[in-house]
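Q: I'm new to this one and would like a close look at a single part of it. Could you pick up the salt bridges, walk me through them, and then show me what lies around them?

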Amino acid sequence: MACAATLQRLGIANPRIGIFGINPHAGENGLFGDDDDRITAPAVDRLRKAGILAEGPVGADIILGRKDIDGFVAIYHDQGHIPVKLLAGRNASALSVGAGVLFSSVGHGSAFDIAGQDKADPSAVLRTLRLIGNIPAAPKLASESAA
């Protein structure tokens with residue numbers, strides 16, 4: 001739900017969300033584990049029942065190439081970062097949602113080896129700032145207003 005809410009804040013009224021499977025190929029019907037049948041598929045069903053256009057579990061390598069998906073949910077960090085970095089290279093940005101604060105990072109390392117030498121290319125950082133810079137603040141929860 002956090003992904004859908006954030007995409008709506010980005011201006012996508014009815015976002016389509018692709019949910020990566022936990023196991024390779026989303027488990028291949030139990031061939032690579034039953035986690036996706038037990039955990040991911042029921043979670044996706046609950047999202048659909050809540051009115052969210054969610055699809056999955058699907059292997060990250062399959063669904064990332066789809067142009068009709070507005071956002072992706074990776075189950076763990078490198079599951080999302082590795083294919084996104086391969087597809088987008090230095091143009092990659094990641095947006096982490098659901099913690100109450102939007103967190104974004106570029107899809108490459110910190111370049112400690114060239115820090116302070118005026119050699120680094122800042123374009124990925126600038127692109128990432130543009131990604132989150134115009135997102136309106138999330139509405140406060142009732143529990144936050146009472147505090």
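**The salt-bridge network**

A: Let's start right at the heart of your request: R16, E55, R66 and D68 are linked in a network of salt bridges. Keep in mind that we're looking at a predicted model. Side chains of opposite charge can pair when their charged atoms come close. Across the structure there are seven salt bridges.

Take D68 and R16 to begin with. These two form a salt bridge in which the closest N and O atoms are 3.9 Å apart. The cut-off for a salt bridge is 4 Å, so this pair counts because it is within that distance. D68 sits in the loop between helix 3 (60–63) and strand 3, while R16 belongs to strand 1, so the pair ties together parts that are 52 residues apart in sequence. How buried or exposed is each partner? D68 has a relative accessible area of 38%, so it is partly exposed. R16 is partly exposed too, at 30% relative accessibility. The reason for that label is that partly exposed covers the range between 20% and 50%.

Now for E55 and R66. Their side chains meet in a salt bridge with an N to O distance of 2.8 Å. E55 is in strand 2 and R66 is in the loop between helix 3 and strand 3, so this pair ties together parts that are 11 residues apart in sequence. R66, with a relative accessible area of 27%, is partly exposed.

So where do the two strands in this story stand to each other? Strand 1 (residues 16–20) and strand 2 (residues 53–58) run parallel, and four bridges join them. One of the residues involved is already familiar: E55 is the bridge partner of G18 in strand 2. In other words, E55 pairs with G18 between the strands and also meets R66 through its side chain. Between the two strands in the chain comes helix 2 (residues 35–49), and strand 1, helix 2 and strand 2 make a right-handed β-α-β unit.

Stay on strand 2 for a moment, as there's a backbone detail to look at. P57 is found in this strand, and the peptide bond that leads from G56 to P57 is cis, with omega near -5°.

Next, follow the chain from strand 1 towards helix 2. The loop between them holds H25, whose phi is near 55°, a positive value in a residue other than glycine. H25 has a relative accessible area of 43%, which makes it partly exposed. N29 is found in that loop between strand 1 and helix 2 as well. N29 also has a positive phi, about 55°, although it is not a glycine. With a relative accessible area of 74%, N29 is exposed. A bit further on there's another salt bridge, in which D34 pairs with R38 and the closest N and O atoms are 3.1 Å apart. D34 is partly exposed, its relative accessible area being 40%.

What about the wider surroundings? The protein chain has six helices and five strands, and along the sequence they follow the pattern α-β-α-β-α-β-α-β-β-α-α. Of its 147 residues, 26% count as buried.

There's also open space to look at. Rolling a probe the size of a water molecule over the atoms shows where empty space is left. The largest pocket has a volume of about 950 Å³. Its lining is made of 30 residues, and F72, V84, S93, A94 and L95 lie nearest the centre. That lining divides into 19 nonpolar residues, 10 polar and one charged. Which parts of the chain supply it? Helix 1 (2–9), strand 3 (71–73), helix 4 (77–88), strand 4 (93–96) and strand 5 (103–106) each give at least two residues to the lining of the largest pocket. Helix 4 gives the most, with six residues.

Helix 4 is also home to L87. This leucine has 62% relative accessibility, so it counts as exposed. Its C-alpha atom is separated by 8.8 Å from that of G65, although the two residues are 22 apart along the chain.

To come back to where we began, the four residues to pick out in the picture are R16, E55, R66 and D68, linked in a network of salt bridges.

Terms used: Residues numbered from 1 in each chain as written. Predicted model: local features only at pLDDT ≥ 70, side-chain atom pairs only at ≥ 80, totals over all residues. Heavy atoms only, no water. 1 Å grid on protein atoms, 1.4 Å probe; cavity = no way out; pocket = protein on both sides within 12 Å on 5 of 7 lines; lining within 4 Å. Points joined across faces, edges and corners; volume = space filled by probe spheres on them. Nonpolar A, V, L, I, M, F, W, Y, C, P; charged D, E, K, R; others polar. Buried < 20%, exposed > 50% of the residue type's maximum accessible area, 1.4 Å probe, protein only. Pairing = 2+ DSSP bridges. Right-handed = clockwise from strand over helix to strand, strands pointing away.
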